[in-house]
Amino acid sequence: MLVIENKNSKVTLTEGKLFIAEYADKVCLEKEDLEIVVNNYDDNTNDELWRVLHVFPKGTTVTSRARDYAESRKKPAKAEAFVIEGVGNRILFRFYQKFRSVKYPIKEFKDRESALKWLAQI
């Protein structure tokens, strides 16, 4: 297992090819914050497709510039699960999900356990 501490996130890579990005609470994530996480993924997954879990606490927000960057990200994942604790952020995610043109499964959850269970099936 590898753990990478970033300014506004903690990334964990497990032996089961699960990439977990946990974002700091009560911060506004900028494009650069998401770029760091994407670079962590790109640099450590050896061109393989991993399952990805993103955890956004209730007090965390994301700028529109950062959301645009996330939508345009090129490297695919095997599947992506998003744990989004705030109601407003869940609404934004559902809107974002409609316009994201990925060829792999992507789904939003209210809790980590449900997200991990879904990812384990993929």
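The buried residues of helix H4 pack against E3, E5, E7 and strand E8 (106–109). Here helices (H or I, at least four residues) and strands (E, at least two) are DSSP runs, numbered from the N terminus. Keep in mind that this is a predicted model, in which local features need pLDDT of at least 70, side-chain atom pairs count only at pLDDT 80 or more, and totals for chains, interfaces and linings use all residues. Residues are numbered from 1 along each chain as its sequence is written, and side-chain values use heavy atoms, with hydrogens and water left out.

So who does the packing on H4? In H4 (residues 112–120), the buried ones are Ala-115, Trp-118 and Leu-119. They sit on the same side of H4, because their arc around the axis is only 100°, taken from the directions from the helix axis to the C-beta atoms. The face turned away from that buried side holds the exposed residues Glu-113, Lys-117 and Ala-120. Buried means under 20% relative accessible area, exposed over 50%, and partly exposed in between (1.4 Å probe, protein chains only).

Now for the cores. A nonpolar core is a set of buried Ala, Val, Leu, Ile, Met, Phe, Trp, Tyr and Cys residues joined through side-chain atoms within 4.5 Å. The largest one has 25 residues, and Val-11, Phe-19, Tyr-23, Leu-34, Phe-56 and Phe-82 have the most contacts inside it. These elements give it two or more residues:

| Element | Residues |
|---|---|
| strand E2 | 9–13 |
| strand E3 | 18–23 |
| helix H1 | 31–44 |
| strand E5 | 51–56 |
| helix H2 | 64–72 |
| strand E7 | 79–84 |
| helix H3 | 87–99 |

H1 gives the largest share, 4 residues. Apart from this core lies another, of 11 residues, with Ile-20, Ala-81, Ala-115 and Leu-119 among them.

H1 also packs on H2, at an angle of about 30° and with the axes 8 Å apart. Axes are lines fitted to C-alpha atoms, for helices over the stretch in contact, and angles run from 0 to 180 degrees between N-to-C directions. The two helices are therefore roughly parallel to each other, as angles under 35 degrees count that way. Lys-31, Glu-32, Leu-34, Glu-35 and Val-38 of H1 meet Arg-65, Ala-66, Tyr-69 and Ala-70 of H2, contact meaning heavy atoms within 4.5 Å.

Finally, Thr-60 lies in the loop between E5 and strand E6 (61–62). Thr-60 counts as buried because its relative accessibility is 0%. Setting aside neighbours within four places in sequence, Thr-60 is in contact with Ala-24, Asp-25, Lys-26, Val-27, Leu-29 and Asn-89.

Key. Angles under 35 degrees count as roughly parallel, over 145 as roughly antiparallel, 65 to 115 as roughly perpendicular and the rest as oblique.
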